[in-house]
Amino acid sequence: MGMKADLILTNGIVFPAREADSIAIRGDRILAVARSDEIGALAGEGTETIDLEGRPVLPGFIDAHVHLFDAGLREIGWRVDLSGLSRDETLAALREAVKSRGEGEWVIGEGWDESRWGERRYLTRGELDRVAPDSPLGAVRMDGHMIVLNRVGLRAASSIVPDHGSDLFDPEWGILREEAAWTLLERIEPDPSTLAEALSGAARLCHRLGVTSVHTMTKAWRVPILFERRGRDLLRIGVYQTVGSPSEIEGIAGYENDQWLRFLGVKVFTDGSIGAGTAAVTEAYPSGGNGILNYTDEEISNLLAAAARAGHQAAIHAIGDRAIAQVLRMYARLDARSELRNRIEHFELPEERQIEEVKRLGLHLSMQPNFIGNWSGPGKMYVERLGRERDAVSNPLRAVFDFGIPVAFGSDGMPISPLYGIRAAVNAPYSTQRVSLDEAIAAYTEGGARFGSEEGVKGRIEEGFLADLVVLNEDPFLVPTDLNDMRVEMTFVGGKLVYAREGRCG
Ligand SMILES: [Zn+2]
């Protein structure tokens, strides 16, 4: 008698080994993947069995780029979630929050996106003044690269953010960008117990969406909270700490990694975003300007060298071709350590030869297919900000896959939803962006596992792998171009059912 299973999922479609329909789980691991007539031998007295009724089961999704605390603060309502709202709804949601928070207390909303509104103007200071005449109020744009403040908020910001008068601090419109915005937001920090609560909220959100592992980009002082809560929320977390100087990298404590929590590396922002007009591009924006490079070559070079010396993987945010060029130049200069699997985040506007260069340098690409769904195609934000030609070559997933570059998909929290991202990648408006369903699923599962050097334990459904699984409502391969009705039915982490859609499996 061999080992018996604790749980058997049977009568499903196991991705991608479609000849198997059952999975036996013991403890937190997959004990066997087999046909239902074979798997019965692994059932013992205490074995629980779940009939999947012909539904597909995939490896749990790995979102390779999220901001877990921010997602959680929205989930628990501490920050007002403005995503998907119209301009009027945005102002109404903020008004409601100001009323309930108490006079004088900061209210921060985030996720507004004027590119989806009929009238494509940013939120204005005047509008926020009418919503909150007496309390400080700020509204962060969807990409996180700018915040609009009301009069009271602006007054508070003036004493917090040093560089007013610069192009990052525009008092007339109440707009703070990049560093100026982040400096302010850092000072409006919830207390540690709220942050811990936010982590639990974020885990629940992830479970609902079939996400079992994330790579989160996190500010230094929040990292200890992740370690305090290790494993408690049943979400596997890889941590990248945001840094801006070599000394910050050298100051990183030694962390103990396990299957729940791993300190993976450091995150560096080299430019801004397309939406805020701050991504560093060679050809000027139609509205003017070339965006912003946050660092000199020398500074980037020093950061990369410090990360390599410390043995930390580097995750470098570079969106515009001018930022990508700088990062590639500096990586080429560095005596590359390919075992660190250094990554570039976003990579939205590369030139074709830059894709080749990524391949040559052995870099990994962390890309967000939901950006295509959100902003690419006729009438969308990229066309407006960049023109049609540059939109058509944005986020060139097809080319990146064809070069054989390791790719992991993530959401950057806009919104967290692998199924939404997979849909966007499969149905992308341009052929240079479009990938197959298999490729998209692999990038949202195996991709992230490889980036975290965990390809031997997660990202696939195999004997000995962690039992992190997601059950969908129907087989996506039946009509791969029409994935609109795809839903997550159940999510398992380490063999534990952490989410079941209402009406399913109690
Ligand atoms: Zn991000």
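# Helices, zinc site and backbone exceptions in a predicted model

In helix 11, the buried residues are D321, A323, I324, Q326, V327, L328, M330 and Y331. The model is predicted.

Me: Which elements cover the buried residues of helix 11?
Reply: The residues in question include I324, V327, L328 and Y331. In general, residues three or four places apart in an α-helix point the same way, because a turn takes 3.6 residues. What covers the buried residues of helix 11 includes helix 10, strand 17, strand 18 and helix 12.

Me: What span does helix 11 reach from its first C-alpha to its last?
Reply: Helix 11 has 13 residues. At 1.5 Å a residue, the expected figure is 18 Å, and the model comes close to it. The span reached is 18 Å.

Me: Against which elements do the buried residues of helix 10 pack?
Reply: Helix 10 covers residues 297–310 and, with 14 residues, reaches 20 Å, close to the 20 Å expected. Its buried residues are I300, S301, L303, L304, A306, A307 and A308. These pack against helix 9 (246–250), strand 16 (261–269), strand 17 (313–318) and helix 11 (321–333).

Me: Which residue follows helix 10, and what is the sign of its phi?
Reply: Helix 10 ends at residue 310. The phi of the residue after the helix is near 75°. The residue is G311, and the sign is positive.

Me: Which protein residues are donors of the zinc ion?
Reply: The donor atoms lie 2.1 to 2.2 Å from the zinc ion. In sequence, the donor residues follow the spacing H-x1-H-x344-D. The donors are H65 (NE2), H67 (NE2) and D412 (OD).

Me: How many residues apart are H67 and D412?
Reply: H67 sits in the loop between strand 7 (61–66) and helix 2 (68–75). D412 sits in the loop between strand 20 (407–409) and helix 17 (418–426), so the pair links distant parts of the chain. The separation is 345 residues.

Me: Is D412 buried or exposed?
Reply: The relative accessibility of D412 is 11%. The cut-off for burial is under 20% relative accessible area. D412 therefore counts as buried.

Me: Which two residues other than glycine have a positive phi of about 55°, and which of them is buried?
Reply: Most residues other than glycine have a negative phi. L234, in the loop between helix 8 (223–228) and strand 15 (236–242), has a positive phi of about 55° and is partly exposed at 24% relative accessible area. F347, in the loop between strand 18 (343–346) and helix 12 (352–361), also has a positive phi of about 55°. With a relative accessible area of 0%, the buried one is F347.

Me: Where are the cis peptide bonds that lead into P16 and P415?
Reply: Most peptide bonds are trans. The bond from F15 to P16 is cis with omega near -10°, and the bond from M414 to P415 is cis with omega near -15°. P16 lies in the loop between strand 2 and strand 3 (22–26), and P415 in the loop between strand 20 and helix 17.

Me: Which strand pairs with strand 6 in the parallel sense, and which runs antiparallel to strand 6?
Reply: Two bridges make the parallel pairing, where I13 stands opposite P56. Three bridges make the antiparallel one, where P59 has L469 as its bridge partner. The parallel partner is strand 2 (residues 13–14), and the antiparallel partner is strand 21 (residues 469–472).

Terms used
Residues numbered from 1 in each chain as written. Predicted model: local features only at pLDDT ≥ 70, side-chain atom pairs only at ≥ 80, totals over all residues. Heavy atoms only, no water. Pairing = 2+ DSSP bridges. Helix = DSSP H or I, 4+ residues; strand = E, 2+ residues; numbered from the N terminus. Donors = N, O, S within 2.8 Å, 3.2 Å for Na, K, Ca; no water. Buried < 20%, exposed > 50% of the residue type's maximum accessible area, 1.4 Å probe, protein only. Expected span 1.5 Å × (residues − 1). Contact = heavy atoms within 4.5 Å.
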